[in-house]
Amino acid sequence: MVKPPHPLAVPRLVIAAPSSGSGKTTVATGLMAAFAGRGLAVSPHKAGPDYIDPGYHALATGRPGRNLDAFMCGPELVGPLFAHGAAGCDLAVVEGVMGLYDGAAGRGELASTAQVAKLLRAPVVLVVDASSQSRSVAALVHGFASFDPQVRLGGVILNKVGSDRHEAMLREALEEAGMPVLGVLRRAPQVEAPSRHLGLVPVAERRADAVAAVAALAEQVRAGCDLEALLALARSAPPLDGAVWSAEQALTESQVPVPAYPAGASGRGARRPVVAVAGGAAFTFSYAEHAELLTAAGAEVVTFDPLRDEALPEGTAGLVVGGGFPEVYAPELSANEPLRKAVADFAAAGGPVAAECAGLLYLARSLDGRPMCGVLEADARMSQRLTLGYREAVAVSDSSLAGAGTRLRGHEFHRTVVEPGAGAAPAWGFTHPERRVEGFVQGGVHASYLHTHWAAEPSVARRFAAAAAAHR
């Protein structure tokens, strides 16, 4: 058996594009599935804050899809978090975000695919939608290759190619430009995932169809791409400098103390507090590092499905309700009255609750007129306006999640409105790009639209696990 490379030396590729809609997810997911089908252990990653694409990556590889976000976590954590996710793997594939050089608004290259590629010292494969061009593709690719000399563009995969003649013209133009063509994919609508108001439909909502689509993507990539050349390019990436992230080490370096309590069995009378994490089709947004940090902080993480389960997991001492699409499942969530009451009772008893975006909607009094948990004196509804972007935030109120004054960077992404938008004790004060307060802190509840990545500030996981232990 061949020993996998050290995490800092894992062969790796970054899959980028000139713009959104070029086919990055199609190619990245197909490559992951094709290489996994050859028996390689493939580590899947996504640049930026996106939750949905990593679900397809996980389906393709059998490993958690992990995000690399230089804005929320800082550039210094991109390499360590990558190495943590890639440990034990033969190959890592990183799907980019937006266009190759697009990053946080007004912040230069920060959080761009190009920055992630440079931090990972990884070669870039550019996916080009060639459907409406021929020789001009060479000028386009030349511009992307020369814009930043520190970004190593190793080749191109041509997507949505119309015919053999079209392919020949594209190849001739790129050969003149000295850029290798590593793959050619024809138009294949049958492998495209359906979209709606916030992007692709998550895997959890269409698992059987998603499995078939990923298998079709793998076959398309196998037939149209030079996998040997792509693997050789990935293996040309030099070793990374620095450390491998670990939840235990991150908590050790955290400055927030946590009460000592011994580990023990799970269930009633357990010595480890149970933190229930909402999952299922309605709550699909989460970062793998959150559960790892909670576990390292001494909690037992148990997933439950608010669409199906009528009670919280036995012994629940803390509750995490992350992002997802409760607006799509409002009738089913509302119909599960026993669980809505259990959540309301838990919050009323002072239990620590961390709710982000979809979790905020679920804790509200109503969502599009349907009763929700009623923990918050607020009502939620769908809106035509998309709220999207990075935020810099400071905790306004002491809570089970963060002490007042704690600074975090996060991301908002929703088409809903909560009225009022903040409680008497707001959760966050945004300092950039706009100044406003947002969210609710009451009792043990911290509820907000803001998505955060706890690896950036491990003290929040430590604090929450301690609150759960104290509540139990």
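# Two sheets and two serines in a predicted model

Trainee: The place of Ser459 is in which helix of the model?

Mentor: The model is a predicted one. Within the protein chain there are 14 helices and 22 strands, and the place of Ser459 among these elements is in helix H14.

Trainee: Does Ser459 count as buried or exposed?

Mentor: A residue counts as buried when its relative accessible area is under 20% and as exposed when that area is over 50%. The relative accessibility of Ser459 is 9%, and because this value falls under the first cut-off, Ser459 counts as buried.

Trainee: How many Å separate Ser459 and Lys24 in space, C-alpha to C-alpha?

Mentor: In sequence, Ser459 and Lys24 stand 435 residues apart. In space, taken from C-alpha to C-alpha, the separation between Ser459 and Lys24 is 34 Å.

Trainee: Helix H14 packs on a sheet, so which strands does this helix touch?

Mentor: The sheet in question is an open one of six strands with mixed pairing, in the order E11-E10-E12-E13-E21-E20. Its edge strands, each of which pairs on one side only, are E11 (300-304) and E20 (440-442), and the twist from one strand to the next averages 15 degrees. Helix H14, residues 459-471, has a direction that makes about 145 degrees with that of E12, and the strands it touches are E10, E12 and E13.

Trainee: What is the bridge partner of Ala355 in E21?

Mentor: Strand E13, residues 353-356, runs parallel to strand E21, residues 445-448, and four bridges join the two. In E21, the bridge partner of Ala355 is Ala447.

Trainee: Which strands are the edge strands of the sheet that contains E2?

Mentor: Seven strands, E2 among them, form an open sheet with parallel pairing, in the order E3-E2-E4-E1-E5-E6-E7. An edge strand here pairs on one side only, and the two that do so are E3 (66-68) and E7 (181-186).

Trainee: Which residue of E6 stands opposite Val125?

Mentor: Strand E5, residues 124-129, pairs with strand E6, residues 153-161, in the parallel sense over six bridges. The residue in E6 that stands opposite Val125 is Gly155.

Trainee: At about how many degrees to E2 does helix H2 run?

Mentor: Helix H2, residues 52-61, lies across E2, E3 and strand E4 (91-95). Helix H8, residues 227-235, lies across E1, E4, E5, E6 and E7, and its angle is given to E1, at about 110 degrees. For helix H2 the angle is given to E2, and it is about 170 degrees.

Trainee: Which side chain is joined to that of Ser43 by a polar contact of 2.7 Å?

Mentor: Ser43 is found in strand E2, residues 42-47, and at 1% relative accessibility it counts as buried. A polar atom of its side chain lies 3.2 Å from the backbone oxygen of Gly85, and the residues that Ser43 touches, not counting those up to four places away in sequence, include Arg63, Cys89 and Val93. The side chain joined to that of Ser43 by the polar contact of 2.7 Å belongs to His45.

Trainee: What is the radius of gyration of the protein chain, set against the globule rule?

Mentor: Of the 472 residues of the protein chain, 56% count as buried, and the C-alpha atoms fill a box of roughly 70 × 45 × 40 Å along the principal axes. The globule rule gives 23 Å for 472 residues, and the computed value is close to this, so the protein chain is as compact as a globular protein of that length, with a radius of gyration of 23 Å.

How values were computed:
Residues numbered from 1 in each chain as written. Predicted model: local features only at pLDDT ≥ 70, side-chain atom pairs only at ≥ 80, totals over all residues. Heavy atoms only, no water. Buried < 20%, exposed > 50% of the residue type's maximum accessible area, 1.4 Å probe, protein only. Polar contact = N/O pair within 3.5 Å; in protein donor to acceptor, adjacent residues only side chain to side chain. Contact = heavy atoms within 4.5 Å. Pairing = 2+ DSSP bridges. Axes fitted to C-alpha atoms, helices over the stretch in contact; angles between N-to-C directions. Rg over C-alpha atoms; globule rule 2.2 N^0.38 Å.
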